[in-house]
Amino acid sequence: MTVNPMYHQTNTRLEEEQVLIREAKKDPERFGPLYSKYYEQIFRYIYQRMDDQELAFDITSQVFIKAMKNLHKYEYRGVPFSSWLYRIAKSELYQAYRDRKARKTINVESMHLFEMIEEFEENDNSLNKKKLFQCLSLLKDADLQMIEMRYFEKRSYKEIGEILEISENNAKVRSFRALERLKKLFMK
Amino acid sequence: MEKIKTILDREKLSSSYVNSKQDFKSVKESVNFLKKPLWKSPLFYGPVGLAGIALGVTIVNLDSVDEASINQFEEIKIAEHKSEVDLNNSVHLNQILNESKSKPEELAPSSKKETKVSPVINDKKTSFKKEISIVESNPQPRRIINAIDDDQYKSLTPVNTSKNMMPNIAGVFTGDIPFGKLCSDEGIVCNSSLKVVSFHLECDTGRDQYGATIKGNKIPLEICEDLNASNNFSTIFITQIRAEDISTGKIHTLSSMSLNPK
């Protein structure tokens, strides 16, 4: 399975990013480059999980407002700055769900469904696609989150671990278990 | 359970469209708008905290000062009230005695009246009983002296330097005392930190009976002259001796004295 290379950064890149963060901490005006760098990623993460485009843009802005406000609390722990932004995005997203502003949504591409059915060693037909589609909506939040990040967004286990603040191995185990549970539902 | 909406193959938004929605200016403005209110900043707590502590200390100090002055004031008031009660009762007793003198047939009932007022008149019950018997045997009215003399009060200075709380006249607390010393200028003294401001005196000179609250620390000259003239020296009871602490201004009640002038 291919993974999204966007997240991965070299040590040099991470250090460059830290310089930007330090500058932004001193002067909020300098947050601009970080905002431009991560805006699209954060927006796509949010929009992936809801169907209201305008609200997704609003929530994205909220994420950056919070990030700027709490930048003094940010500590570098050897992971990209984006993992911290993702955590804020996740919290803002769940707040939107709780406030009934947004509805939980799963956006799936046919290609992803095909890959999953292939993993289940089943035939790729419209019936199975429909069935898998239904099974996804029956998954628990945590399992769905793992499936989305691993199979739809193509994130690496390392990245998933950093976003969810768990180890890479734990992310691997959890995503495997989530897939198993989806398979069980699918095979019923 | 909340139903999850599922969307298949939603149209993908282009990167240029997404990035066109970037608006860092409005984000900055929102951050400035949502900045911490002043009362949440640590800078606020420094001056406010100090001011609060200063206010607290001031209030506590004021309270303690008030309490001390109130206590002092109350003690003085109580002393004055007791003196007034004693004086009033003595005056009342005098009136009764005058009446009984003018109407001899009513002597017995008036004596009863005196007995009724007795608990109020005197704290020293034993000495009072003695007084009553004297009154009955001697129709002479008691002479009331209220030697309230401000100059005398102001001029008072304790002579004794010892730290004991026993009042004395020329070093005598109780028992025999030479007549000359009893009426000396020294008066009742205690120790260097206490100044006697008032006392109650009960005595019988043989001619008159005295029951008076006296301001100051000296036995009034009038009584001294009477005692000297009569040459009948019975025990003198000095009770309710109030002394003021020079340093704190607090009023203390000292032990009663009984003196036998010779």
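Here is a short note on this predicted model, point by point, to help you find your way around.

1. **Chain B as a whole.** A good place to begin is chain B, whose secondary structure comes to 8 helices and 9 strands. Chain B has 262 residues, and 35% of them are buried. Look too at how the chain folds back on itself: taking contacts between residues at least 6 apart in sequence, 66% join residues at least 24 apart.

2. **The disulfide.** Over all chains, the count is 1 disulfide. The partners are Cys183(B) and Cys224(B), with sulfur atoms 2.0 Å apart. That separation is within the 2.5 Å cut-off, so the pair counts as a disulfide. If the term is new to you, a disulfide is a covalent bond between the sulfur atoms of two cysteines.

3. **Where the disulfide sits.** The bond joins distant parts of chain B, its two cysteines being 41 residues apart. Cys183(B) is in the loop between helix 7 (179-182) and strand 4 (188-189), while Cys224(B) belongs to helix 8 (residues 221-230). The two ends also have their own surroundings: Cys183(B) is partly exposed at 24% relative accessible area, and Cys224(B) is buried at 5%. As for handedness, the S-S torsion is about -100°, so this disulfide is left-handed.

4. **Two further cysteines.** You may wonder why Cys203(B) is not bonded to Cys224(B). The closest cysteine sulfur to that of Cys203(B) is indeed the one in Cys224(B), but the separation is 9.0 Å, which is too far for a bond. Cys203(B) is buried, with 6% relative accessibility. Over in chain A, Cys135(A) is buried as well, at 5%.

5. **How the chains meet.** Contact between the two chains involves 25 residues of chain B and 36 residues of chain A. Together they bury about 3100 Å², and carbon and sulfur atoms account for 58% of that area. Polar links are present too: 18 residue pairs are in polar contact across the interface, and the salt bridges between the chains number 3. One of these is formed by Lys21(B) and Glu54(A), at 3.7 Å from N to O.

6. **The chain B side of the interface.** Which elements of chain B supply at least two residues each to the side touching chain A? They are strand 1 (5-8), helix 1 (15-20) and helix 2 (24-33). Helix 2 of chain B gives the most, with 5 residues. By type, this side of chain B has 11 nonpolar, 6 polar and 8 charged residues.

7. **A salt bridge within one helix.** The whole structure holds 17 salt bridges over all chains. In chain A, Arg44(A) pairs with Glu40(A), with their closest N and O atoms 2.9 Å apart. Both residues lie in helix 2 (residues 32-47) of chain A, 4 residues apart, or about one turn of the helix. Arg44(A) is partly exposed at 25%, whereas Glu40(A) is buried at 15%.

8. **Salt bridges that span the sequence.** Arg87(A) and Glu165(A) form a salt bridge with a closest N to O distance of 3.5 Å. Arg87(A) is in helix 4 (residues 81-98) of chain A and Glu165(A) in the loop between helix 8 (157-164) and helix 9 (168-187), so this pair ties together parts 78 residues apart in sequence. Arg87(A) is partly exposed at 22%, and Glu165(A) is exposed at 53%. Another pair to look up is Lys104(A) with Asp141(A), at 2.6 Å from N to O. Here the loop between helix 4 and strand 1 (105-108) of chain A supplies Lys104(A), and helix 7 (residues 141-152) supplies Asp141(A), so parts 37 residues apart are tied together. Lys104(A) is buried at 15%, while Asp141(A) is partly exposed at 34%.

9. **A charged network.** Finally, have a look at a group in chain A that goes beyond a single pair. Arg49(A), Glu148(A), Glu153(A), Arg155(A) and Glu159(A) are joined into one network by salt bridges that share partners.

Definitions and conventions: Residues are numbered from 1 along each chain as its sequence is written. Chains are lettered from A and ligands numbered from 1 in the order in which they are written. This is a predicted model: local features need pLDDT of at least 70, side-chain atom pairs count only at pLDDT 80 or more; totals for chains, interfaces and linings use all residues. Side-chain values use heavy atoms; hydrogens and water are left out. Buried means under 20% relative accessible area, exposed over 50%, partly exposed in between (1.4 Å probe, protein chains only). Contact means heavy atoms within 4.5 Å. Buried area is the accessible area (1.4 Å probe) that two parts lose on being put together, summed over both. A salt bridge is a side-chain nitrogen of Lys or Arg within 4 Å of a carboxyl oxygen of Asp or Glu. A polar contact is a pair of N or O atoms within 3.5 Å; within protein, one must be able to donate a hydrogen and the other to accept it, and residues adjacent in sequence count only if both atoms are side-chain atoms. Ala, Val, Leu, Ile, Met, Phe, Trp, Tyr, Cys and Pro count as nonpolar, Asp, Glu, Lys and Arg as charged, and the others, Gly among them, as polar.
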